[in-house]
Amino acid sequence: MAKTFKLTKERLEELKNELDYLKNVREKEVADLIKEARSFGDLSENAEYDEAKNEQGKLFSREAEIENILSNAEIIEISENTDEVHTGSRVKVEDVSDGSEEEYWIVGSQEADPYKGRISDESPFGDALIGSRVGDIVSVEAPCGAIEYKIIEIGN
């Protein structure tokens with residue numbers, strides 16, 4: 001069974017636009033690079049040709065990756081339910097040990113960016129938060145040991 005990729009509508013559009021660019025612009029650019037490199041002569045010792053073919057391989061690989069994501073995409077529907085944490089929720093948590101507060105957005109793995117507060121629902125932290133409610137204390141296994149967080153607020 002193919003893996004499903006949870007995406008927001010915005011990320012879905014970004015991927016469609018990237019695929020369109022790769023197929024309609026970048027493919028022509030790479031084809032021109034290959035054509036130019038062929039004109040330099042002997043292909044067995046032609047570094048420009050090798051580099052252009054490598055670029056073409058990366059391009060086709062990225063196109064295939066995006067097509068796979070798009071064909072197995074599941075759109076994250078923003079629910080009005082703020083009773084419990086789910087993919088698409090914004091969650092404010094308090095570190096029980098020191099009282100510091102952080103806010104995170106639980107997203108699919110394709111959109112995760114911890115530096116921007118976007119946590120994958122498949123990560124240990126995201127997985128621990130899913131299904132919890134305001135006031136719950138969740139324990140997350142980290143390299144330094146278990147860390148406990150209290151759910152302060154859930155929003156969308």
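Two strands count as a pair when DSSP finds at least two bridges between them. I start there because the sheet contacts in this model rest on that rule. The model is a predicted one.

Let me begin with strands S6 and S7. S6 covers residues 137-142, and S7 covers residues 145-155. The two pair in the antiparallel sense, over 6 bridges. They form a hairpin, with 2 residues between them. To place yourselves on the screen, find Ile137, which stands opposite Lys150 in S7.

S7 also pairs with strand S3, residues 90-95. These two strands run antiparallel and are joined by 6 bridges. Which residue in S7 is the bridge partner of Val91? That partner is Ile154.

Now the nonpolar cores. The largest has 14 residues. Within this core, the residues with the most contacts are Leu7, Leu15, Ile34, Ile66 and Ile69. Three elements each supply at least two of its residues: strand S1 (5-7), helix H1 (9-38) and helix H2 (47-71). H1 gives the largest share, 7 residues. As for Ile66, once neighbours within four places in sequence are set aside, its contacts are Leu15, Glu18, Leu19 and Leu22.

There is a second core, separate from that one, with 13 residues. Among them are Val93, Ile119, Phe125 and Ile154. Ile154 is the residue we just met as the partner of Val91.

Phe125 brings me to the aromatic rings. The model has 2 aromatic pairs. In one of them, the ring centres of Tyr104 and Phe125 are 5.0 Å apart and the planes stand at 80 degrees, so this pair is edge-to-face; the cut-off for that label is over 60 degrees. Tyr104 belongs to strand S4 and Phe125 to helix H3 (residues 124-129), so the pair ties together parts that are 21 residues apart in sequence. Are these two residues buried or exposed? Tyr104 has a relative accessible area of 17%, so it is buried. Phe125 has 13%, and is buried as well. The cut-off for buried is under 20%. Ring pairs also bring in Tyr149, so that Tyr104, Phe125 and Tyr149 are linked into a cluster.

One more ring to look at is that of Trp105. The charged end of Arg90 sits over this ring, 4.2 Å from its centre.

Trp105 also turns up among the contacts of Thr8. Thr8 is placed in the loop between S1 and H1. With a relative accessible area of 5%, this loop residue is buried. Not counting residues up to four places away in sequence, Thr8 touches Ile76, Trp105 and Glu111.

Last, Val107. Where is this residue placed? It lies in strand S4, which covers residues 101-107. Its relative accessibility is 0%, so Val107 counts as buried. Which residues does it contact, leaving aside neighbours within four places in sequence? They are Ile76, Thr87, Ala112, Arg118, Ile119, Ser120 and Asp121. Ile76 is a residue that Thr8 touches too, and Ile119 is one of the second core.

For a distance across the model, take Val107 and Ile66. They are 41 residues apart in sequence, and from C-alpha to C-alpha they are 18 Å apart in space. Ile66, to remind you, is in the largest core.

How values were computed: Residues numbered from 1 in each chain as written. Predicted model: local features only at pLDDT ≥ 70, side-chain atom pairs only at ≥ 80, totals over all residues. Heavy atoms only, no water. Helix = DSSP H or I, 4+ residues; strand = E, 2+ residues; numbered from the N terminus. Buried < 20%, exposed > 50% of the residue type's maximum accessible area, 1.4 Å probe, protein only. Contact = heavy atoms within 4.5 Å. Phe/Tyr/Trp six-rings, centres within 6.5 Å; stacked < 30°, edge-to-face > 60°. Lys NZ or Arg CZ within 6 Å of the ring centre and 35° of its normal. Core = buried A, V, L, I, M, F, W, Y, C linked by side-chain atoms within 4.5 Å.
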